[in-house]
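Reader: Hello! I am new to this structure and would love a close look at one part of it. Could you walk me through it in a connected way?

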Amino acid sequence: MSKMEEQSDGRQHIGVRNARIRFQKMCNGTVDIYSEKGKGTKIRINLPKGGQS
């Protein structure tokens, strides 16, 4: 679990986890999230050409 998925009180962001699982299972893709305090957040979604494998 990345730091993006866990709040300071220990709860998880179900939306981020759900998106990762759906992209992986439905499209054989990945979701990467990079976040740095004071610099913002970047989200990279990789989907293989041609859809499901």
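Among contacts in the protein chain between residues at least 6 apart in sequence, what percentage join residues at least 24 apart? And after that, please take me along strand E2.

Author: Happy to! Please keep in mind that this is a predicted model. To begin with your question, the figure is 14%: that portion of the contacts between residues at least 6 apart in sequence joins residues at least 24 apart.

A little background will help us place the strand. The protein chain has 1 helix and 2 strands, and the order from the N terminus is α-β-β. Of its 53 residues, 8% count as buried. The chain exposes about 4600 Å², with 51% of that supplied by carbon and sulfur atoms.

Now to strand E2, which covers residues 40-46. Glycine 40 belongs to this strand. With a relative accessibility of 40%, glycine 40 counts as partly exposed, because that value falls between the 20% limit for buried and the 50% limit for exposed. Leaving aside residues up to four places away in sequence, glycine 40 touches Tyr34 and Ser35.

Further along, isoleucine 45 is also found in strand E2. Its relative accessible area is 44%, so isoleucine 45 is partly exposed by those cut-offs too. On the surface, Ile45 forms a nonpolar patch with Ile43 and Leu47. Together, the three residues of this patch have about 300 Å² of accessible area.

So when you look at strand E2 in the model, you can start at glycine 40 with its contacts to Tyr34 and Ser35, then move on to isoleucine 45 and the patch it forms with Ile43 and Leu47.

Definitions and conventions. Residues are numbered from 1 along each chain as its sequence is written. This is a predicted model: local features need pLDDT of at least 70, side-chain atom pairs count only at pLDDT 80 or more; totals for chains, interfaces and linings use all residues. Side-chain values use heavy atoms; hydrogens and water are left out. Helices (H or I, at least four residues) and strands (E, at least two) are DSSP runs, numbered from the N terminus. Buried means under 20% relative accessible area, exposed over 50%, partly exposed in between (1.4 Å probe, protein chains only). Contact means heavy atoms within 4.5 Å. Accessible areas come from the Shrake-Rupley method with a 1.4 Å probe; for residues, only the protein chains shown count as cover. Patches are made of residues with over 30% relative accessible area and no salt bridge: like charges are joined within 9 Å, nonpolar side chains (Val, Leu, Ile, Met, Phe, Trp, Tyr) within 5 Å. A salt bridge is a side-chain nitrogen of Lys or Arg within 4 Å of a carboxyl oxygen of Asp or Glu.
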